[in-house]
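Student: I'm new here, so could you walk me through this one?
Tutor: Sure, let's take a look together.

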Amino acid sequence: MAAPVRVRMAPSPTGALHVGGVRTALFNWLFARHVGGEFLVRIENTDTSREVQGAVEHALDSLAWLGLDWDRPPTFQLDRIDDCAELAQRLVAEDRAYEDEGAIRYRMPDEGVTAWDDVVKGRIEFPNEELEDLVLVRSDGRPTYNFASPMEDVWDGITHVIRGDDHISNTPKQINLIQAVGADLPVYAHVPNVLATDGKKLSKRHRATGVDELRAAGYLAPALLNFLALLGWAPDGETTLMSRAELIERFDLDRVIKSAAAFDYDKLDWLNGVYLRALPPAEYADALVEYLRTLGNDWPEERIREAAPLVQDKIGRLGEFLAFAGFLFHEVEPDPDLLDRRILEAAAAALEQLEPFEPEPIETALKALCERLELKPRQAFAPIRVAVTGSKVSPGLYESLALLGRGESVARLRRGAAAAAA
RNA sequence: GCCCCCAUCGACUAGCGGCCUAGGUCACCACCCUUUCAAGGUGGCUGCACGGGUUCGAAUCCCGUUGGGGGCACCA
């Protein structure tokens, strides 16, 4: 009977969780869930000098938000410092390793090749003469990554190592170490990296790359997951929309692409919009309220819920709500050049006594106004929109006016009339 | 410099020797719809990096070139 599948993601606590790292985590998680295996989280913190305060909590929070749940409490590489030291001593006793200026080095083979069959890249071979004697334990006693990582994989019973392909050149070193302790080799799957749209390595210079930033911009976790899954993997040539369940159902390591993929924000925006529009109105309002709260926004919840239907079909990211519907929550400062005294005064007069003050009667009244003024709707509505919303772009005009209320709407129209440049 | 990986439209990809005059999605362009912006509908533009092989036949296999990426740490 084959050992149960167990995979892990192993972030180092040196900063916020990056989309590239999350994509790799996602592949691990999808694979584990697909085959009914376990997904573990291990913090690789052997380099204490680079550790960033709060990075661990931050990373776990991002994973949790995405719904990438782990099956055991996260472990810390540094906790195995004694096990590593003990093992290193054993290797020295066996003369497979030796001391060197206080550090312990492993004797890598000088001849032949170290090879493995990578699930995504195919067979990879490294000439052993390229491998230099690896430092296992630093002179201060801390194990190095290339020693601790493969040993932990052995101790934790990791069956599949799914990681970025920047680790390919580490793999032969780790394979030799694992063989040195007589353990079985895991299956390796080196997935391609995620690049920026310009083909360069993704970094802070290119827009948001941290999961926290994407979340703050108003992307939905399921949309982000869907998008990330498609970066380097596709179930076929047609399917683009997949729920979490479908992703799990269809994910297959064998279909992971070999080449690097660029992170396309336009496509993410489109996909997020699809998810946003597909949400039932009540859930959409919930998501919006929740989003604004995590942002620290204190606009009244009831008002947000009332505004939600006006924007659902219009915005692709929840973050756009602030600019798009902000006029419902605060005063506006319209550009005088875009206002028109005659139209605004007429509009104020037409709406002043309107009863009930609802979208349909408002539409009827404004259309009648257009005829009286002998103007096309697009001409007459422009200054009205600007006066009321402060912008040339807004949710539907009738709905916006109705929600704003007669008093405030008329007041803004009058103020606009007074401020009009011409 | 040495080692390793990669190479289909601007982007993500389908394709695993004939079904490909290369399909889908995003972006882009045009038109339609329309109170703005979106959304939606219709149509369109654009691609197998290059050069050699192998084969009756190559985007698909092999070799080379070029280009991109990663590594060569007491970083991960």
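Tutor: First a term: buried means under 20% relative accessible area, exposed over 50%, partly exposed in between, with a 1.4 Å probe and protein chains only. This is a predicted model, where local features need pLDDT of at least 70, side-chain atom pairs count only at pLDDT 80 or more, and totals for chains, interfaces and linings use all residues. Residues are numbered from 1 along each chain as its sequence is written.

Student: Is C84 buried or exposed?
Tutor: Look at its relative accessibility, which is 0%. Because of that value, C84 counts as buried.

Student: How many disulfides does the whole structure have?
Tutor: A disulfide here is a pair of cysteine sulfur atoms within 2.5 Å. Searching the whole structure for such pairs gives a count of zero.

Student: Which helix gives the most to the largest nonpolar core?
Tutor: A nonpolar core is a set of buried Ala, Val, Leu, Ile, Met, Phe, Trp, Tyr and Cys residues joined through side-chain atoms within 4.5 Å. The largest one has 106 residues. Helices are DSSP runs (H or I, at least four residues), numbered from the N terminus. With nine residues in this core, the top contributor is helix 1 (residues 19–35).

Student: At what angle do helix 13 and helix 15 pack?
Tutor: Axes are lines fitted to C-alpha atoms over the stretch in contact (heavy atoms within 4.5 Å), and angles run from 0 to 180 degrees between N-to-C directions. For helix 13 (residues 341–352) and helix 15 (residues 377–389), the axes lie 9 Å apart, and the angle is about 80°.

Key. Chains are lettered from A and ligands numbered from 1 in the order in which they are written. Side-chain values use heavy atoms; hydrogens and water are left out. Helices (H or I, at least four residues) and strands (E, at least two) are DSSP runs, numbered from the N terminus.
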